[in-house]
Amino acid sequence: GGTKKAVILATPTYADGEAVFENDYEAEGSATLAGTKTLNGRSMTADDEWTFTVTGSVKNDASGAAPKPNGLNASWQATNEGTAIDFGTISFNQKDIGKTYVYTIHEERPTDVTADSEGRYNGILYAADQTIEITVADNDGALLITKKNVTTDTDVTEDSVTDFSVV
């Protein structure tokens, strides 16, 4: 889920003495993208820095653009394992009803080091990309926003996060 609200505005006009009502439907909602970073095998240090990229698209519509997260924190530094990552809040409205958006969260690899034969950079095997689908539906005049982690095939609630564990 996410936050949601809907408003229906009725505006009367008069044509030839008859009242004509035109209704405007407005709905708003939002969803957050969040995660945690875990480093297995050693403790995180103050020098550890992790950078993530979030890209979005519309499912089954290669030309469609997905709403972007507001307040996206793409670069993140942590000294404590399991520290929360805020990828931002995504706002939706009635124009998004019936659409599914696909967001891929990618952990950037170092560019100054070449991966070894096991795919490790400086001994670290980085986390796999995570794909989150967000579906927007109409629910009796309010937006119903659902999230699913396609990578792990699990529903995502406001209380759950995506774990980026590395070894």
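How many aromatic pairs does a search of the whole structure find? The search finds three. This is a predicted model, in which local features need pLDDT of at least 70, side-chain atom pairs count only at pLDDT 80 or more, and totals for chains, interfaces and linings use all residues. Residues are numbered from 1 along each chain as its sequence is written, and side-chain values use heavy atoms, with hydrogens and water left out. The chain has 10 strands and zero helices.

**Fold and surface**

- Strands (E, at least two residues) and helices (H or I, at least four) are DSSP runs, numbered from the N terminus.
- Along the sequence the pattern reads β-β-β-β-β-β-β-β-β-β.
- The chain holds 167 residues, and 31% of them are buried. Buried means under 20% relative accessible area, exposed means over 50%, and partly exposed lies in between (1.4 Å probe, protein chains only).
- Take the contacts in the chain with a separation of 6 or more: residues 24 or more positions apart account for 65% of them. A contact means heavy atoms within 4.5 Å.
- About 9700 Å² of the chain is exposed, and carbon and sulfur atoms supply 47% of that area. Accessible areas come from the Shrake-Rupley method with a 1.4 Å probe; for residues, only the protein chains shown count as cover.

**Aromatic pairs**

- Rings of Phe, Tyr and Trp (its six-membered ring) pair if their centres lie within 6.5 Å; planes under 30 degrees apart count as stacked, over 60 as edge-to-face, and the rest as tilted.
- One of the three pairs joins Phe92 and Tyr101. Their ring centres are 5.7 Å apart and their planes meet at 25°, so this pair is stacked. Phe92 and Tyr101 are both buried.
- Tyr121 and Tyr126 have ring centres 5.8 Å apart and planes at 80°, so they form an edge-to-face pair. Tyr121 is buried, as is Tyr126.

**Largest pocket**

- The largest pocket contains about 220 Å³ of space.
- It has 13 lining residues, and the closest to its centre are Glu49, Trp50, Pro110, Ile124 and Tyr126.
- The lining divides into six charged, five nonpolar and two polar residues. Ala, Val, Leu, Ile, Met, Phe, Trp, Tyr, Cys and Pro count as nonpolar; Asp, Glu, Lys and Arg count as charged; the others, Gly among them, count as polar.
- On a 1 Å grid over the protein atoms alone, a pocket is an open set of points with protein on both sides within 12 Å along at least five of seven lines, and lining residues have an atom within 4 Å of a point. Grid points are joined across faces, edges and corners, and a volume is the space filled by probe spheres set on the points.

**Buried strand residues**

- Gly35 sits in strand β2 (residues 18–39). Gly35 is buried, at a relative accessible area of 0%. Its C-alpha lies 6.7 Å from that of Asp86, 51 residues apart in sequence.
- Val54 belongs to strand β3 (residues 49–58). With 15% relative accessibility, Val54 counts as buried. The C-alpha atoms of Val54 and Pro69 are 8.5 Å apart, with their positions 15 residues apart along the chain.

**Positive phi in loops**

- Most residues other than glycine have a negative phi.
- Asn60 is not a glycine, yet has a positive phi of about 65°. Asn60 lies in the loop between β3 and β4 (75–77). At 80% relative accessibility, Asn60 is exposed.
- Asp153 also has a positive phi, near 55°. Asp153 is in the loop between β8 (142–149) and β9 (154–156). Its relative accessibility of 54% makes Asp153 exposed.

Notes: 1 Å grid on protein atoms, 1.4 Å probe; cavity = no way out; pocket = protein on both sides within 12 Å on 5 of 7 lines; lining within 4 Å.
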